[in-house]
Structure formats: C-alpha cells, structure tokens
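This note is meant for a colleague who is meeting the structure for the first time. Please read the numbered points alongside the sequence and the model.

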Amino acid sequence: MVFNNSILAGAGGQGGAVESFRFYRLNVTAGQNSNLLIVAEIAILDSSGTNQFPTMTSNTAPSPNVTSTNRSIFSTFDAFKACDKNINTHWGVPAGASSNPFPAQWNIDLGSGNTIDKPAKLALTNLNSGDNEYWPVDFTLQASNDDSTYTTLLTVTGNSFPAIGTTKEFTVP
C-alpha cells in the first residue's frame, strides 16, 4: 500500500492485485436520532487491525491530507475530529436550519500520489460520554481515485451501537 509515499503492508493479503484508493467517504442516510449525527472516530483497518488513516490535527493537517463534510455548522463538529484518535472529540452533523441532518457525508482525501489499500474493516467509535442515540443506522463506505466515480466497499442497514465509548467493526467484503 502507498500512503504518504511510503510502502506499507496491504490489507489484501498475499496474491493478486490489491485495490488502493486516494479518496474515502462515509455516507450516512439514517441515524438513531433525526436531529443529530455524531461519530467520535472513523478508522480504516488493515488485516492486522491497524488504523490506516492519518492522525488529523485540523481539516488540512497533516498535509497533504484533507477531511471534509457536506454539512458543517459548528467547529465543534469538524470533519478531522473523526480521525484525530481522540475519543473525546467527534465529527457531527446537526440538523441546523433543516429538519434532518441526513444525508451526511464525511470525506478524506489522502493527497496526490497517496493511497490506502481496500480495508479489511471499517471501525466506528462512539462518544466517550453522553449517550449513543446519535449513531449512524444506515450508511455506506465508498472509495475513489478521482473523487468522481466511487466504488461502494460496504453497505450497512439497521445498525445499532453498543455502550458509550466503544468501537464497532464492520468487515469489508
């Protein structure tokens, strides 16, 4: 796998070409609460369980990585907080002026020349405090190399989440 122009171990195992992607996005179409969506951490895991996303410190750092969301109202909910490796911060989409925060989209661009192999799993982590009523119920994980044509890697419907501060992993077929 190529990430930040370094060779890393891929998720695809031995044999055969492994798909790698520059752009990843989480599309959430329904949540447990119709007024707010919150995810503390989003991780792409390789076959050994290692998170392949960079540790973000802002929506544009470390360079060349960029995180974004299709709906952002407050800096409290900045997209980078979903991969800052801090369970006490979060990405979120409040309903705001509309009556519903969905569809909500979280994106990461790894920068020109950088890719991550197709993951073995997607991991989502719940808030470390509060409650878990703001979790995604229906969502897809998608990937692309041109930010135009996306491949759906995972579709989840009817998801429910466990206790506060826990992580749930979803196997990518």
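1. Two strands are taken to pair if DSSP finds at least two bridges between them. Strand 6 and strand 11 (residues 121-125) meet this rule with five bridges, in the antiparallel sense. One of the residue matches places Leu45 opposite its bridge partner Lys121 in strand 11. The model is a predicted one, and the remarks below should be read in that light.

2. The pairing just described belongs to an open sheet of three strands, antiparallel, in the order 6-11-14. Strand 6 and strand 14 (167-171) are its edge strands, each pairing on one side only. On average, neighbouring strands of this sheet are turned by 20° against each other, direction ignored.

3. A further open sheet has five strands in the order 7-9-4-12-13, again with antiparallel pairing. Strand 7 and strand 13 each have a single partner strand, so one side of each is left without a neighbour in the sheet. Here the average turn between neighbouring strands is 15°, direction ignored. Within this sheet, strand 4 and strand 12 pair in the antiparallel sense over eight bridges, and Tyr24 has Ala143 of strand 12 as its bridge partner.

4. Strand 5 (residues 36-39) and strand 8 also form an antiparallel pair, with four bridges. Ile38 stands opposite Gly92 of strand 8 in this pairing. To which sides do the residues of strand 8 (residues 91-94) point? Trp91 and Val93 point one way, Gly92 and Pro94 the other way, and all are buried.

5. How many residues does the largest nonpolar core have? The count is 34, and the residues with the most contacts inside this core are Tyr24, Ile42, Trp91, Trp106, Leu122 and Leu124. At least two core residues come from each of strand 4 (23-31), strand 5, strand 6, strand 8, strand 9, strand 11, strand 12 (136-144) and strand 13 (151-156). Another core lies apart from it and has five residues, among them Leu36, Ile38, Ala40 and Phe77.

6. Leu122 illustrates the contacts made by a residue of the largest core. Leaving out residues up to four places away in sequence, Leu122 touches Leu26, Ile42, Ala43, Ile44, Phe139, Leu141, Leu154, Lys168, Glu169, Phe170 and Val172.

7. The aromatic rings deserve separate attention. With ring centres required to lie within 6.5 Å, the count comes to four aromatic pairs. One of them joins Phe21 and Tyr24: the ring centres are 6.1 Å apart and the planes stand at 85°, so the pair is edge-to-face. Why do these two residues count as buried? The cut-off is under 20% relative accessible area; Phe21 counts as buried because its value is 5%, and Tyr24 because its value is 1%.

8. Phe53 and Trp106 form another pair, with ring centres 5.6 Å apart and planes at 55°, so this pair is tilted. The pair links distant parts of the chain, 53 residues apart: Phe53 is in the loop between strand 6 (41-45) and strand 7 (66-69), and Trp106 is in strand 9 (residues 104-109). Phe53 is buried, at 4% relative accessible area, and Trp106 is buried at 1%. Phe21, Tyr24, Phe53 and Trp106 form one aromatic cluster.

9. A charge also sits over a ring. The charged end of Arg25 lies over the ring of Tyr150, at 3.6 Å from the ring centre.

10. Two polar residues merit a look. Asn107 lies in strand 9 and counts as buried at 14% relative accessibility. Apart from residues up to four places away in sequence, Asn107 touches Tyr24, Arg25, Val66, Thr67, Ser68, Thr69 and Asn70. His90 is found in the loop between strand 7 and strand 8, and His90 likewise counts as buried at 14% relative accessibility. The C-alpha atoms of His90 and Asp78 are 7.5 Å apart, although twelve residues separate the two along the chain. With neighbours within four places in sequence set aside, the contacts of His90 are Ile38, Val39, Ala40, Thr76, Phe77, Asp78, Lys81 and Leu127.

Note on methods
Residues are numbered from 1 along each chain as its sequence is written. This is a predicted model: local features need pLDDT of at least 70, side-chain atom pairs count only at pLDDT 80 or more; totals for chains, interfaces and linings use all residues. Side-chain values use heavy atoms; hydrogens and water are left out. Buried means under 20% relative accessible area, exposed over 50%, partly exposed in between (1.4 Å probe, protein chains only). Rings of Phe, Tyr and Trp (its six-membered ring) pair if their centres lie within 6.5 Å; planes under 30 degrees apart count as stacked, over 60 as edge-to-face and the rest as tilted. A charge sits over a ring if NZ of Lys or CZ of Arg is within 6 Å of the ring centre and within 35 degrees of the ring normal. Axes are lines fitted to C-alpha atoms, for helices over the stretch in contact, and angles run from 0 to 180 degrees between N-to-C directions. Contact means heavy atoms within 4.5 Å. A nonpolar core is a set of buried Ala, Val, Leu, Ile, Met, Phe, Trp, Tyr and Cys residues joined through side-chain atoms within 4.5 Å.
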